[in-house]
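Grab a coffee and open the viewer. Here are some short exercises, each with a worked solution to follow at your own pace.

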Amino acid sequence: MFDIKNIVRTNILVMKPYSSARDEFKGEASVFIDANENNLGSLAKDQGYNRYPDPYQRKLKEKIAVLKDVRPEQIFLGNGSDEAIDLLIRLVCKPGFDEILAFSPTYGMYDVSANLNNVFLRQVALDENFQVQTNRLQGQINTNTKIIFLCSPNNPSGNLLDTPSTEYILQNFDGLVVIDEAYIDFADKPSWTTRLAEFPNLVVLQTFSKAWGMAALRLGMAFASPDIIQFLNKIKPPYNINEATQQIALDALGNAGRLPGMVKEIIKGRQYLQQTLPGLPVVRKVFPSDANFLLVEVSDANQVYDYLLGQGIVVRNRTTQPGCHNCLRISVGTEKENQALVAALQAYPEA
Ligand SMILES: *Cc1c(COP(=O)(O)O)cnc(C)c1O
């Protein structure tokens with residue numbers, strides 16, 4: 001039976017976490033002179049920012065718990081899901097010793113966070129449909145492998161990963177399995193949060209940066225067993241989610257009813273591009289997508305990238321990524337932007 005305590009680094013198991021003024025006093029009082037704040041107020045336009053924010057974001061978690069059908073103790077909030085990726089690696093990987101595993105091509109931050117922490121990232125190639133082949137894991141996992149990252153829908157390919165291979169990894173790997181669902185709101189499949197009770201080693205990452213349209217705020221979510229969440233709370237910077245972010249996110253959660261309509265419109269844009277792009281001479285292939293972007297193979301990615309830049313259109317050139325030769329990653333924009341992209345590609349002067 002998986003127990004997070006068996007893989008948490010020893011120094012973290014024994015360390016005493018920082019205890020803030022707000023941790024140590026939780027009762028009712030009228031005078032708060034315990035945190036060296038400015039009790040006169042602040043120079044910010046809005047008031048209320050002179051106090052340190054709730055280190056555990058209780059109000060926010062209560063609302064997220066209802067929306068996601070989990071308990072507040074199963075939620076960790078990070079300064080972007082990128083912070084959760086970094087903390088998960090630091091929680092269980094001994095620098096210069098342990099390893100993580102991810103399937104390429106995929107999101108770049110697993111590699112960056114691994115390198116920053118001096119943790120080796122073992123990369124296993126996805127197949128030609130950007131799916132996991134579990135037989136490719138032969139010889140890739142050892143007792144130092146502490147985390148397997150699965151990105152679903154995967155960035156930059158856009159597809160959901162198959163359920164059976166994911167289940168196989170969850171059932172057979174004795175470390176953390178992190179499923180990064182940054183794009184799940186655009187997919188026609190339930191989140192793996194619905195299966196947290198089955199898999200004690202599962203961590204699901206989601207974010208407010210994509211469908212919710214709040215990339216600038218930096219707010220990411222990790223869902224896992226209360227045991228795992230408690231360790232993340234133990235090692236996080238004390239006030240990692242600032243007060244402005246907490247207030248704006250609370251407000252946005254109040255508008256959650258508007259999310260499906262916005263997502264629907266973006267999916268409509270995706271479908272327009274999926275139908276239109278293959279008819280253009282410069283386009284070789286449009287890969288299937290469960291996200292808000294498309295991986296598109298063109299005649300020459302570097303040339304088309306530069307050409308589009310000249311037209312004032314920035315896309316992401318992914319040609320150097322494994323399995324992505326001559327591929328551009330293109331986000332779905334507004335209706336006008338999608339049309340501008342199609343018009344520009346239509347007018348591309350093929351050599
Ligand atoms: C965009 C993205 C994220 C988002 O990270 P934030 O730090 O929450 O903005 C996470 N994972 C993947 C795969 C992404 O593409």
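The exercises below go from the ligand to one helix and then to some backbone details.

This is a predicted model, in which local features need pLDDT of at least 70 and side-chain atom pairs count only at pLDDT 80 or more, while totals for chains, interfaces and linings use all residues. Residues are numbered from 1 along each chain as its sequence is written, and side-chain values use heavy atoms, with hydrogens and water left out.

**Exercise 1.** Find out which residues are closest to the ligand, and work out how the shell divides by class.

*Solution.* Start with the shell: 13 residues surround the ligand (a heavy atom within 4 Å). The closest are Tyr183, Thr207, Ser209, Lys210 and Arg218. Next, sort the shell by class: four residues are nonpolar, five polar and four charged. Here Ala, Val, Leu, Ile, Met, Phe, Trp, Tyr, Cys and Pro count as nonpolar, Asp, Glu, Lys and Arg as charged, and the others, Gly among them, as polar.

**Exercise 2.** Look for polar contacts (here, pairs of N or O atoms within 3.5 Å) to oxygen atoms of the ligand.

*Solution.* Take the side chains to begin with. Thr207 places a polar side-chain atom 2.6 Å from a ligand oxygen. For Arg218, an N or O atom of the side chain is 2.6 Å from an oxygen of the ligand. Then turn to the backbone, where a polar atom of Asp82 is 3.1 Å from a ligand oxygen. The protein covers 94% of the 390 Å² of accessible area that the ligand has on its own (Shrake-Rupley method, 1.4 Å probe).

**Exercise 3.** Which residues of helix 5 are buried, and which are exposed on the other side?

*Solution.* Helix 5 is a DSSP run (H or I, at least four residues; strands are E, at least two) spanning residues 109–116. Its buried residues (under 20% relative accessible area, 1.4 Å probe, protein chains only) are Tyr110, Ser113 and Ala114. They sit on the same side of helix 5 because they cover an arc of only 100° around the axis, taken from the directions to the C-beta atoms. On the other side, Asn115 and Leu116 are exposed (over 50%).

**Exercise 4.** Where are the cis peptide bonds before Pro105 and Pro156?

*Solution.* The bond from Ser104 to Pro105 has omega near 5°, and Pro105 belongs to the loop between strand 2 and helix 5. The bond from Asn155 to Pro156 has omega near 20°, with Pro156 in the loop between strand 4 and helix 6.

Definitions and conventions:
Polar contact = N/O pair within 3.5 Å; in protein donor to acceptor, adjacent residues only side chain to side chain.
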